[in-house]
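Here are some notes to read with the model open on your screen. I have kept each point short, so you can rotate the view and check as you go.

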Amino acid sequence: MSGYVRLPILEETGYVVLDRAEPIPDAEQWTALEYVRWRSSGVTRFAPLASFAGEVECNGFWNQTPPRTDKDGVWVASQTAEAPELVRRAREPGAGVGRCRVIELQPNTYADAVYNLHLDDNNRLNPTDTGWVVRGLENLTDDPDSLLILRADRFDPATETRIPLPAGSRVIVDTQRLWHAVWHRGTTPRYALVTSWESGPELAAYVDAHHGSPRAESVALDPRLVDDAQHEMHRRIEDRRLALEAVGHAYELPTMSEA
């Protein structure tokens, strides 16, 4: 992977936190969109703004015909007409855009988030000597008690960073390197803009312009809550293994998600 163009600032931690964006007061920018269900962590729906061929669907570009990596997304006309400010923000860095979606996440628990930690399959079919695909995450709703959970090791909470998600919070994550999920401590759905960006000088300049930092102050949690979530994660994994073996299927721990 040494041949890929990467963001040097991501080398230390795998993520970078930017200045908060001005919150968007018009919630219709995301509530008026068409949503579809798609595999991800938690109870989620997605509203595609850019997809493989400009259609309202979320499939990985490598599963399409002809297959390609998650780059050169086609804007969905019916969706972008409803969300011009979201499109502007996704295009603001000037970096190549692949998939771009709004995610809707229902409230969940910390144990749910830990169980749902996953890696994204961002760079399948990506040629070396081109930009490594990372994900930009901007929270649209004001969820200051909710946390973006990042882990270098899925099973080791000592590698965990917990970043709060008020409106306008922006994080760029190498989601193929860091296990991630969101603990949404709310009573209504959380909405966020998720954009696949190609690493390169344009994205690096955008990060610099918004004072990107590869270190966030991680929110502290009660150690008993963390331990309970670890036990619950292993219990759910074992239950799934036994359920699959009961019907003749071998269980393999998932590594990559198409989210």
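1. Leu-125 sits in the loop between β6 and β7. In this predicted model, its phi is near 70 degrees, a positive value in a residue other than glycine. Is Leu-125 buried or exposed? Neither label fits: Leu-125 is partly exposed, since its relative accessible area is 48% and "exposed" asks for over 50%.

2. His-211 also deserves a look at its backbone. Phi of His-211 is near 55 degrees, again positive in a residue that is not glycine. His-211 belongs to the loop between α5 and α6 (223-246), and with a relative accessible area of 56% it counts as exposed.

3. While you are checking backbone angles, please go to Thr-65 and Pro-66. The peptide bond from Thr-65 to Pro-66 is cis, with omega near -5 degrees. Pro-66 is part of the loop between β3 and β4 (74-75).

4. Now for the interior. Which residues have the most contacts inside the largest nonpolar core? They are Trp-30, Leu-33, Leu-86, Val-102 and Ile-172, in a core of 29 residues. Several elements supply at least two residues each to this core: β1 (15-18), β3 (44-51), α3 (84-91), β5 (97-105), β12 (190-198) and α5 (201-209).

5. Ile-172 is a handy place to start exploring that core. Setting aside neighbours within four places in sequence, Ile-172 is in contact with Leu-10, Gly-14, Tyr-15, Val-16 and Leu-18. Its contacts also include Val-134, Arg-135 and Gly-136, as well as Trp-197, Leu-203, Tyr-206 and Val-207.

6. Next, colour β12. Of its 9 residues, 8 are buried, so this strand is largely enclosed by the rest of the structure. Strand β12 pairs with β5 in the antiparallel sense over 7 bridges, and Val-102 has Leu-193 of β12 as its bridge partner. Strand β7 (residues 133-139) is also joined to β12 by 7 bridges and runs antiparallel to it. There, Val-133 is partnered with Glu-198 of β12.

7. Another antiparallel pairing links β8 (residues 143-151) and β9, through 6 bridges. One place to find it is Leu-150, whose bridge partner in β9 is Thr-161. Strand β9 (residues 160-165) is mostly covered, with 5 of its 6 residues buried.

8. Helix α3 is worth viewing end-on. Its buried residues are Leu-86, Val-87, Arg-89 and Ala-90. Seen down the helix axis, these buried residues fall within an arc of 165 degrees, so they line one face of α3.

9. Arg-89 brings us to a charged residue in the interior. Which side chain does Glu-138 join by a polar contact of 2.5 Å? The partner is Arg-89. Glu-138 lies in strand β7 and is buried, at a relative accessible area of 8%. Apart from residues up to four places away in sequence, Glu-138 touches Ala-21, Arg-89, Ser-169, Arg-170, Ala-192 and Leu-193. Leu-193 is also the bridge partner of Val-102, so you may want to display points 6 and 9 together.

10. Finally, the aromatic side chains: the count comes to 5 aromatic pairs. One of these is Tyr-4 with Trp-132, whose ring centres are 4.9 Å apart and whose planes meet at 65 degrees, so the pair is edge-to-face. Tyr-4 lies in the segment before β1 and Trp-132 in the loop between β6 (119-120) and β7, so the pair ties together parts that are 128 residues apart in sequence. Tyr-4 counts as buried at 14% relative accessibility, and Trp-132 is buried with a relative accessible area of 5%.

11. Tyr-35 and Tyr-191 form another edge-to-face pair, at 6.0 Å centre to centre with 65 degrees between the planes. Why does this pair tie together parts that are 156 residues apart in sequence? Because Tyr-35 lies in the loop between α1 (28-31) and β2 (36-37), while Tyr-191 lies in strand β12. Tyr-35 counts as buried at 12% relative accessibility, as does Tyr-191 at 11%.

Terms used: Residues numbered from 1 in each chain as written. Predicted model: local features only at pLDDT ≥ 70, side-chain atom pairs only at ≥ 80, totals over all residues. Heavy atoms only, no water. Core = buried A, V, L, I, M, F, W, Y, C linked by side-chain atoms within 4.5 Å. Buried < 20%, exposed > 50% of the residue type's maximum accessible area, 1.4 Å probe, protein only. Helix = DSSP H or I, 4+ residues; strand = E, 2+ residues; numbered from the N terminus. Contact = heavy atoms within 4.5 Å. Pairing = 2+ DSSP bridges. Arc of directions from axis to C-beta. Polar contact = N/O pair within 3.5 Å; in protein donor to acceptor, adjacent residues only side chain to side chain. Phe/Tyr/Trp six-rings, centres within 6.5 Å; stacked < 30°, edge-to-face > 60°.
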